[in-house]
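Trainee: I am new to this structure and should be grateful for a close look at one part of it. Please set that part in its surroundings as well.

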Amino acid sequence: MNGEELHALAKRLFPICRSITGPGVRETLSILQEDLPLTIHSVATGTQVLDWEVPLEWTPRSAWIEDLSGRRIIDFATNNLHLLQYSGNFSGRVSREELANHLFSLPDQPDAIPYKTSYYQKQWGFCVSKNQKKSLSQAEYNVQIDTSLDTGQLNYGELVIAGRDKNEILLSTHICHPSLANDNLSGIVVAHALARQLLQNPLQHTVRILFIPGTIGAITWLALNREHLPKIKHGLVLTGLGAGDTFHYKKTRSGNASIDFFVEHYLRKSGIPHCILPFSPYGYDERQFNSPGINLPMGCFTRATYASYPEYHTSRDNLEFIQPQLLEESALLILRMLQQFSSSETYVNLAPEGEPQLGRRNLYAADSQQNLAILWVLNQSDGHHSLLDISIRSGIALPDLETAADRLCSSGLLRKT
Ligand code: ZN
């Protein structure tokens with residue numbers, strides 16, 4: 001949980017050209033595997049996954065633009081953002097006008113190279129800064145792009161850290177961006193640090209951590225892991241954790257999941273600058289986990305949010321943009337939240353239709369606070385909300401709810417999940 005160590009890992013991973021498939025993802029996962037017993041899964045190109053298909057595997061080798069004197073102006077070897085992700089091959093001499101049709105730049109950030117992908121539309125292209133584009137003043141240029149798009153695999157990493165019970169917390173982070181630090185190396189290094197800590201000190205709940213390519217990786221995992229879904233009671237998508245002063249928590253689809261109550265409560269109680277956002281079906285992989293047929297209670301925990309800052313998806317999201325102390329603070333905060341969140345028991349009301357008759361069971365107390373604790377525990381114990389959630393929602397102290405739960409268990413009206 002040392003910020004300098006987290007930043008050092010980000011620095012090691014930074015130069016690798018990751019994409020949704022290919023050698024960059026495998027190299028990244030094998031580096032993470034040095035410290036973690038990570039399982040690296042391979043899913044073959046063409047595998048049907050929900051409404052999608054695992055794509056061809058992309059391997060970038062070299063890409064450059066030279067003037068006719070042989071001076072190299074743009075080179076993938078100096079910055080992997082220069083190559084459009086999933087760019088096809090090209091070799092030849094082109095006019096400046098023709099070349100311009102294959103260049104992507106940002107009109108409002110003259111020195112920044114954009115990050116652009118074309119996973120599902122076949123084309124070749126370069127991403128360049130506006131100033132680089134302006135400097136292309138000659139009539140013709142030599143262009144070479146050497147990539148391959150072949151039958152191969154989609155890879156992802158998975159780690160299950162057994163807790164004292166089988167209920168699971170799912171943590172997910174994407175691993176598909178090339179040299180970009182906050183989005184997405186910060187999520188990778190924070191998830192890696194959390195995994196190392198949780199392996200040493202497991203939680204009450206089992207924790208499953210996914211390092212997956214964005215969108216297609218989450219869809220692939222969901223398609224192949226149907227049997228695991230009922231065990232997942234809570235989850236967080238982790239990303240954008242190395243820059244920005246304010247934490248952001250985006251709620252789950254229902255907006256009233258246990259994790260929603262808890263994270264909001266924890267941040268408020270800790271006095272940490274934060275902002276709670278409602279669910280929307282746009283953003284990171286919480287979109288897939290919260291799709292209506294899957295409906296996992298997965299929130300998204302970030303500092304800087306999706307597409308909200310000028311450095312986002314540009315060469316300015318670099319190793320200087322992410323701060324060691326912010327990475328450390330993010331990792332520690334998430335660890336403390338998970339420890340507290342996981343420690344509270346969850347129960348099921350065994351007589352949930354109407355209120356059970358309390359008097360007959362000697363559960364009706366003269367003290368109205370005790371009665372209220374019993375009624376809250378009965379009403380909220382649906383197997384998904386813990387006593388901690390009920391405490392947050394009702395304002396009743398946790399020990400009073402624990403006493404109520406013990407009495408209800410003894411009378412056969414409640415059982416632990
Ligand atoms: Zn991104």
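Mentor: The names of helices and strands used here stand for DSSP runs, a helix being H or I over at least four residues and a strand being E over at least two, numbered from the N terminus. With that settled, strand β13 can be introduced as the element that gives the most to the lining of the second largest pocket, namely three residues. The model is a predicted one, and this pocket is the part I propose to examine.

The second largest pocket holds about 260 Å³ of space. Its lining consists of 16 residues, and those nearest its centre are Lys-233, Ala-257, Asn-295, Pro-297 and His-384. Polar residues number nine in this lining, beside five nonpolar and two charged ones. At least two lining residues come from each of β13 (232-238) and β18 (382-386).

Asn-295 deserves separate attention among the residues nearest the centre of this pocket. Its place is in the loop that runs between α8 (286-289) and β16 (298-302). Although Asn-295 is not a glycine, its phi is positive, at about 55°. The relative accessible area of Asn-295 is 40%, and because this value falls between the limits of 20% and 50%, the residue counts as partly exposed.

From β18 one may pass to helix α11 (residues 387-394), since the buried residues of α11 pack against β18 as well as α7 (258-270), α9 (324-343), β17 (346-349), α10 (368-380) and α12 (398-410). Six of the eight residues of α11 are buried, and the helix is thus mostly covered. The buried ones are Leu-387, Leu-388, Asp-389, Ile-390, Ser-391 and Ile-392. After α11 comes Gly-395, with a positive phi near 80°.

The surroundings also include strand β11 (residues 168-174), where Ser-172 is found. With a relative accessible area of 2%, Ser-172 is buried, because the limit for that term is 20%. Apart from its neighbours within four places in sequence, Ser-172 touches Leu-210, Ile-212, Leu-236, Val-237, Leu-238, Phe-289 and Met-298. Ile-212 appears again in connection with Val-25: their C-alpha atoms are 8.9 Å apart, while 187 residues separate them along the chain. Val-25 belongs to helix α2 (residues 23-33) and is buried, with a relative accessible area of 1%.

For comparison, let us turn to the largest pocket. Its volume is about 430 Å³. Of its 21 lining residues, Tyr-119, His-177, Gly-214, Thr-215 and Tyr-306 are the closest to its centre. This lining contains ten nonpolar, seven polar and four charged residues. The largest pocket lies between domain 1 (3-55 + 153-343) and domain 2 (58-149), because both of them give residues to its lining.

His-177, one of the residues closest to the centre of the largest pocket, is also a donor of the zinc ion. The ion has three protein donors, His-177 (NE2), Asp-183 (OD) and His-313 (NE2), at 2.0 to 2.1 Å. Along the chain the donors follow the spacing H-x5-D-x129-H. His-177 and Asp-183 are both buried. Asp-183 is joined to Asn-184 by a cis peptide bond, with omega at about 25°, and Asn-184 lies in helix α5 (residues 181-200). His-313 is located in the loop between β16 and α9, and its phi is positive, near 55°, in a residue other than glycine.

Finally, the whole chain may be considered. It is divided into domain 1, domain 2 and domain 3 (346-416). The centres of domain 2 and domain 3, taken over C-alpha atoms, are 64 Å apart. The C-alpha trace spans about 95 × 40 × 35 Å along its principal axes. The secondary structure amounts to twelve helices and 19 strands, and 56% of the 417 residues are buried.

Terms used:
Residues numbered from 1 in each chain as written. Predicted model: local features only at pLDDT ≥ 70, side-chain atom pairs only at ≥ 80, totals over all residues. Heavy atoms only, no water. Donors = N, O, S within 2.8 Å, 3.2 Å for Na, K, Ca; no water. Buried < 20%, exposed > 50% of the residue type's maximum accessible area, 1.4 Å probe, protein only. 1 Å grid on protein atoms, 1.4 Å probe; cavity = no way out; pocket = protein on both sides within 12 Å on 5 of 7 lines; lining within 4 Å. Points joined across faces, edges and corners; volume = space filled by probe spheres on them. Nonpolar A, V, L, I, M, F, W, Y, C, P; charged D, E, K, R; others polar. Domains from an automatic or database assignment. Contact = heavy atoms within 4.5 Å.
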